[in-house]
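Here's a friendly walk through the model shown below. Have a look at it first, then read on.

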Protein chains: 2
Amino acid sequence: MNDDSVRGDGAVQPVFDLTQFTPYKLALAAQLLSEALARQYRQRFGISIPDWRVLVHLSHSGGASVRDIETSVVMEKSKVSRAASRLEGRGLVAKRPHPEDKRLVHLSLTPEGQALVAEIQPLALTLQAQIEADLGAGFADFAKALDLLADKYNLQGG
Amino acid sequence: MNDDSVRGDGAVQPVFDLTQFTPYKLALAAQLLSEALARQYRQRFGISIPDWRVLVHLSHSGGASVRDIETSVVMEKSKVSRAASRLEGRGLVAKRPHPEDKRLVHLSLTPEGQALVAEIQPLALTLQAQIEADLGAGFADFAKALDLLADKYNLQGG
DNA sequence: ATAAATACGTTGCATATGCAACGAAAATCG
DNA sequence: CGATTTTCGTTGCATATGCAACGTATTTAT
């Protein structure tokens with residue numbers, strides 16, 4: 001990444017190889033893994049990754065507002081809103097007005113939604129186990145590094 | 001991630017926390033880092049990440065076809081084609097017919113394109129250095145893990 | 001040599017996305 | 001209290017994306 005080459009004018013121009021650039025590697029690994037996952041979710045259950053994230057968060061939390069999901073799974077609120085509408089249309093999620101704060105929309109899984117999550121989770125757990133096996137002893141450090149980067153580059157460039 | 005909870009019917013349902021799911025963490029870190037980078041590129045140079053990838057590859061290779069870029073930086077050919085057209089429109093990239101194979105479009109940087117790359121590269125190198133500093137001794141292993149995952153999940157789910 | 005199959009790059013189309021604007025509701029301030 | 005600000009969720013709009021289809025060119029097979 002950092003070998004230097006001398007140009008005709010004598011100035012030094014670092015040789016830059018995109019494939020050795022960490023943000024690129026990170027984006028690539030994330031893209032490939034997401035695509036692999038998305039293929040499964042889509043083919044077998046007809047849901048997208050945003051859908052999946054909403055479903056999982058609702059399963060985990062037992063119910064949440066759009067804003068809750070926006071912050072906890074880091075999705076634009078419009079993306080959450082649209083995913084929720086899609087899922088409601090499929091009968092997987094119920095939208096109810098919040099009794100105390102009428103601005104909020106309370107989202108929760110329907111029984112059908114719970115059943116779907118119960119079906120998909122094993123796939124995710126299997127993938128997780130596979131990744132942990134792939135990375136072996138280095139897995140914990142890898143996960144920590146991801147957390148560190150996400151924390152450091154969360155809003156702002158460092 | 002793998003704590004189990006017992007449901008009313010006696011069956012065991014693993015508790016699944018999206019935020020501990022590695023594909024999610026990976027996607028999140030990649031997204032945040034990409035956004036930080038994209039902000040800089042866009043604000044200061046008016047280019048997108050696909051544009052940047054094409055520019056860098058052309059700088060590194062000295063010239064390439066759409067297909068070359070598609071495979072080496074893992075971008076859909078339509079994405080490459082559109083980025084190349086945008087960049088041509090801005091005078092940063094030249095499109096020429098390939099002399100031997102008339103199916104190919106030979107892309108190369110114009111002097112203006114070279115100048116732009118020379119301006120942007122320091123930003124990228126700085127970010128790279130920062131990331132390496134953030135991760136410290138663990139950087140090399142982290143990079144290796146990314147390569148391993150990208151390799152393993154390249155086309156297919158493992 | 002001719003036909004069929006493949007490769008390359010562009011474009012049309014349907015969908016997904018981010019962002020800003022909006023209306024409704026709640027919180028804060030004077 | 002009443003007025004202003006802020007919050008929440010949805011939607012309109014411009015843009016970006018993936019995928020398939022297409023025209024052209026080359027390679028392979030007959």
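## Before we start

Helices here (H or I, at least four residues) and strands (E, at least two) are DSSP runs, numbered from the N terminus. Axes are lines fitted to C-alpha atoms, for helices over the stretch in contact, and angles run from 0 to 180 degrees between N-to-C directions.

This is a predicted model, where local features need pLDDT of at least 70, side-chain atom pairs count only at pLDDT 80 or more, and totals for chains, interfaces and linings use all residues. Residues are numbered from 1 along each chain as its sequence is written, chains are lettered from A and ligands numbered from 1 in the order in which they are written, and side-chain values use heavy atoms, with hydrogens and water left out.

## Two helices in chain A

Let's begin with helix α3 (residues 66–73) and helix α4 (residues 77–89), both of chain A, which pack at an angle of about 120° with their axes 9 Å apart. That angle is why α3(A) counts as oblique to α4(A). For the labels, angles under 35 degrees are roughly parallel, over 145 roughly antiparallel, 65 to 115 roughly perpendicular and the rest oblique. The crossing of α3(A) past α4(A) is right-handed; a crossing gets that name if the near helix is turned clockwise from the far one by less than a right angle, and left-handed if anticlockwise.

Who touches whom? On the α3(A) side the contact (heavy atoms within 4.5 Å) is made by V66(A), I69(A) and E70(A), and on the α4(A) side by K77(A), V80(A) and S81(A). These residues split into three nonpolar, one polar and two charged. In that sorting, Ala, Val, Leu, Ile, Met, Phe, Trp, Tyr, Cys and Pro are nonpolar, Asp, Glu, Lys and Arg are charged, and the others, Gly among them, are polar.

## Around DNA strand D

DNA strand D has 20 residues around it, and the closest are R67(A), S81(A), R82(A), K95(A) and K102(B). To be near a molecule or strand, a residue needs a heavy atom within 4 Å of it. Of the strand D atoms that come within 4 Å of the protein, sugar and phosphate account for 67%.

Backbone atoms reach phosphate oxygens of strand D too: an N or O atom of R67(A) lies 2.5 Å away from one, and one of V66(A) lies 3.3 Å away. α4(A) gives the most to the surface near strand D, with four residues. That surface divides into four nonpolar, four polar and 12 charged residues.

## Around DNA strand C

For DNA strand C, 20 residues surround the strand, with D101(A), K102(A), R67(B), S81(B) and R82(B) the closest. Here α4(B) gives the most to the surface, with four residues, and the surface holds four nonpolar, four polar and 12 charged residues.

A backbone N or O atom of R67(B) sits 2.6 Å from a phosphate oxygen of strand C, and one of V105(B) sits 3.1 Å from a phosphate oxygen. R82(A) has a polar side-chain atom 3.3 Å from a base oxygen of strand C.

## Where the chains meet

Helix α6 (residues 139–152) of chain A and helix α1 (residues 22–45) of chain B pack at about 35°, with their axes 8 Å apart. Their crossing is left-handed. Residues making the contact include F139(A), F142(A) and L146(A) from α6(A), and L26(B), L28(B) and L32(B) from α1(B). The contact residues divide into nine nonpolar, one polar and two charged.

Note on methods
Polar contact = N/O pair within 3.5 Å; in protein donor to acceptor, adjacent residues only side chain to side chain.
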